[in-house]
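Subject: Structure handover

Hello,

Here is the structure we spoke about. Please open it alongside this message and follow along as you read.

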Amino acid sequence: MSVALVIDDNKQTAEALIQMLGIWDIKARLALGPSAAMAILGELTPNVVFLDINMPGVNGFEVLAYLKREPRLSGIPVIVVTSDDQPETAKRAQKDGATALVLKPVMVDILEVALKRAGIIL
């Protein structure tokens with residue numbers, strides 16, 4: 001069974017994503033913001049991370065940079081989940097090492113494509 005970490009400052013959005021992940025029997029942990037994510041990542045190495053970009057304080061790009069430079073976490077696929085549909089955001093996410101970008105509200109078929117791209121499901 002795969003384990004996902006969902007990092008988002010919006011609890012409702014994150015919980016909806018966690019419910020969708022259940023379709024593929026993916027167990028998910030919720031981190032409401034970057035601080036909670038760092039605490040969870042100290043004890044858990046997930047198979048995939050879902051990362052919101054627009055969060056107060058430390059933004060998602062800073063979290064992505066941390067994940068990619070930390071040796072224990074650098075190989076984990078990161079799927080950016082954002083409402084920011086600007087082409088610059090998608091380009092930066094890809095440049096910074098994200099595996100995929102999914103726009104909010106998350107649609108199941110798009111989520112499935114992202115999970116396949118990340119190698120989490122076949």
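Below is what was found, beginning with the sheet and moving on to the helices. Please keep in mind that this is a predicted model.

The sheet is open and has five strands, paired in parallel and ordered E2-E1-E3-E4-E5. Its edges are formed by E2, residues 27-32, and E5, residues 100-103, each of which pairs on one side only. From one strand to the next, the twist averages 20°.

Two of the pairings can be described in detail. E1 and E2 are parallel and share six bridges. Within this pair, Ala4 stands opposite Ala28 of E2. To get from E1 to E2 the chain passes through H1, giving a β-α-β crossover that is right-handed. Towards the other edge, strand E4, residues 78-82, is joined to E5 by four bridges, and these two strands also run parallel. Here Val81 has Val102 in E5 as its bridge partner.

As for the helices, H1 covers residues 11-21 and lies across four strands: E1 (3-8), E2, E3 (48-51) and E4. The direction of H1 is at about 170° to E2. Helix H2, residues 34-41, also packs on the sheet, where it touches E1 and E2. The angle between the directions of H2 and E2 is about 135°.

For background, the strands of a sheet pair through backbone hydrogen bonds, in either a parallel or an antiparallel sense. In the present sheet the pairing is parallel.

Regards

Terms used:
Residues are numbered from 1 along each chain as its sequence is written. This is a predicted model: local features need pLDDT of at least 70, side-chain atom pairs count only at pLDDT 80 or more; totals for chains, interfaces and linings use all residues. Side-chain values use heavy atoms; hydrogens and water are left out. Two strands pair if DSSP finds at least two bridges between them. Axes are lines fitted to C-alpha atoms, for helices over the stretch in contact, and angles run from 0 to 180 degrees between N-to-C directions. Contact means heavy atoms within 4.5 Å. A crossover is right-handed if, with the strands pointing away from the viewer, the path from the first strand over the helix to the second runs clockwise.
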